[in-house]
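Student: Got a minute to walk through this one with me? I'd like to start with the pockets.
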Amino acid sequence: MRIMIVNSFYYPEVKGGAEYSVKKLAEKLKKEGHTVLVIASGHYNLVENIDGIDVHRLKLKAIYHSYGSVKKNLIKMFFHRLLDFYNVFNKKILKNEIKMFCPDIIHTNGLYEITPIIWKIGYDMNIPVVHTIRDFYLACPKTNLLKKNGEVCVRANLVCQFYRHINRYFTRYVDYITAPSHMMISQIEQLLLFNNSQKKAVYNACEYNQEDVRTILELRKKELPDKKNISFVYLGGLHLHKGISTMLDAFSLIKNENVELYIAGKGVEVERVKNASKNDKRIHYLGFLNEKELNDLLKKCNVLLCPSIWNEPFGRVILDAYMNGMPVIASRIGALPETIIDNKTGLLVSPGDIDELRDAMERFANEKALMYTCFENIEEKLSNYHIQAQYESFLSIYNSLLK
């Protein structure tokens, strides 16, 4: 099968967990014998091969290359978002790529710069289109369904209603919708997006060796009785909706000098993180790390923090924690409760609740029995997210559209 995977960015240009998820799927499809081409946006046209995957980065017509930079100028931002509805200036570029590759399936993901025009191109060329929802790009101009103060938005204003109405029109060209969680499927249905498309939750996945995970878990169990220091770790974007403020405030309330907090990532809250690390020797800011550096960090830490205050579409970093034998403290919001069994693979807390988050961290620092319980349950929970299960789900979807 010839499969064209489309995402705004591709490794090593990583904006979040979506890029890692797309990379894992592309590599698995190639490993199973399919012909795969990844289309992504770029600062200039570039053809490359990354870990065996052919990648075409296209210099597309857009005001900005990265969606994270659209606040530089209000006028430019306006036209940038206007083009993001349906960028006709990209039609010829994308159509030529599709003609040259002749895919059986077009599988789209993030569409910043590329825009939903690729759905119409696929529709006109009679090529089935699968789209995986990875954020709230089609429902919210800010992509996160949050108000300016960081609260979850439950009622769209007139601008957002118009924005959704326009995007609803173009979703008619998509044959099948997937999302990495049941929560996202529910959100799509509530927002009345993709009414004519088939829908299915297909979890994000990871590729791991079961014996390696067992070895890590056994080592952690063995070290636990003599463990005195507990290291918490946060990985990801340093943004308000990720709960950075809640995390730093909660950690500051812990008086135990034997706890540490490691933070890796980049974003608008970076100065606050740097200041916190200067004022508290227990906090360590490591900047943006590559995949190997992240794995090394996870191996040395004990508990992952995922304190989001928005509806996380999945929370891929939790899988990274499980693969390294780590329990997780996460907010009870979005898809996070789907990936964590409370009191068995981690703890769930109310989003934005400083005291609850502090109490959860102190429980892991003081209750070794809780840590041991998590070690006993992590492997079974992780098995739900193996790359083979994801591959089989997508292959079934692809085949159903080609009948």
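Student: What classes of residue make up the lining of the second largest pocket?
Tutor: This is a predicted model, so keep that in mind. The lining of that pocket has six nonpolar, four polar and three charged residues.

Student: How much space lies in the second largest pocket?
Tutor: About 250 Å³. Of the 13 residues that line this pocket, Cys-153, Val-154, Arg-155, Arg-164 and Leu-191 are the closest to its centre.

Student: Which elements give two or more residues to the lining?
Tutor: Helix 5 (158-170) and helix 6 (182-190). Helix 5 gives the largest share, three residues.

Student: OK, closed spaces now. How many cavities of 30 Å³ or more are there?
Tutor: The count comes to two. The largest cavity holds about 70 Å³ of space, and the second largest holds about 50 Å³.

Student: What lines the largest cavity?
Tutor: Among the lining residues are Ile-133, Asp-135, Phe-136, Tyr-137, Met-184, Gln-187 and Leu-191. By class, the lining has nine nonpolar, one polar and one charged residues.

Student: And which residues line the second largest cavity?
Tutor: Asn-109, Gly-110, His-131, Thr-132, Ile-133, Arg-134, Asp-135 and Tyr-137. Its lining has two nonpolar, four polar and two charged residues.

Student: Switching to the sheet. In what order do the strands form the sheet?
Tutor: Eight strands run in the order 3-4-2-1-5-6-7-8. The sheet is open, and its pairing is mixed.

Student: Which strands stand at the edges?
Tutor: Strand 3 (46-50) and strand 8 (198-201). Each has a single partner strand, so one side of each is left without a neighbour in the sheet. From one strand to the next, the twist averages 20 degrees.

Student: In what sense do strand 7 and strand 8 pair, parallel or antiparallel?
Tutor: Parallel, over four bridges. Strand 7 covers residues 176-179. For a residue to look up, take Ile-177, whose bridge partner in strand 8 is Lys-199.

Student: What does helix 1 touch on the sheet?
Tutor: Helix 1 (residues 17-31) touches strand 1 (2-6), strand 2 (35-41), strand 3, strand 4 (53-58) and strand 5 (105-108). The direction of helix 1 makes about 170 degrees with that of strand 1.

Student: At what angle do helix 1 and helix 15 cross?
Tutor: Roughly 75 degrees, and their axes come within 10 Å. Angles of 65 to 115 degrees count as roughly perpendicular. Helix 1 and helix 15 are therefore roughly perpendicular to each other.

Student: Which residues meet there?
Tutor: From helix 1, Lys-24, Leu-25, Lys-28 and Leu-29. From helix 15, Ile-387, Gln-388, Gln-390, Tyr-391, Phe-394 and Tyr-398. By class, the contact of helix 1 with helix 15 has six nonpolar, two polar and two charged residues.

Student: One more pair. How do helix 7 and helix 14 pack?
Tutor: Helix 7 (residues 210-223) and helix 14 (residues 368-382) pack at about 175 degrees, with their axes 10 Å apart. That makes helix 7 roughly antiparallel to helix 14.

Student: And what residues meet in that contact?
Tutor: Helix 7 brings Gln-210, Val-213, Arg-214, Leu-217, Arg-220 and Lys-221. Helix 14 brings Tyr-372, Phe-375, Glu-376, Ile-378, Glu-379 and Leu-382. By class, the contact of helix 7 with helix 14 has six nonpolar, one polar and five charged residues.

Conventions
Residues are numbered from 1 along each chain as its sequence is written. This is a predicted model: local features need pLDDT of at least 70, side-chain atom pairs count only at pLDDT 80 or more; totals for chains, interfaces and linings use all residues. Side-chain values use heavy atoms; hydrogens and water are left out. On a 1 Å grid over the protein atoms alone, a cavity is a set of points where a 1.4 Å probe fits but cannot get out, and a pocket is an open set with protein on both sides within 12 Å along at least five of seven lines; lining residues have an atom within 4 Å of a point. Grid points are joined across faces, edges and corners, and a volume is the space filled by probe spheres set on the points. Ala, Val, Leu, Ile, Met, Phe, Trp, Tyr, Cys and Pro count as nonpolar, Asp, Glu, Lys and Arg as charged, and the others, Gly among them, as polar. Two strands pair if DSSP finds at least two bridges between them. Axes are lines fitted to C-alpha atoms, for helices over the stretch in contact, and angles run from 0 to 180 degrees between N-to-C directions. Contact means heavy atoms within 4.5 Å. Angles under 35 degrees count as roughly parallel, over 145 as roughly antiparallel, 65 to 115 as roughly perpendicular and the rest as oblique.
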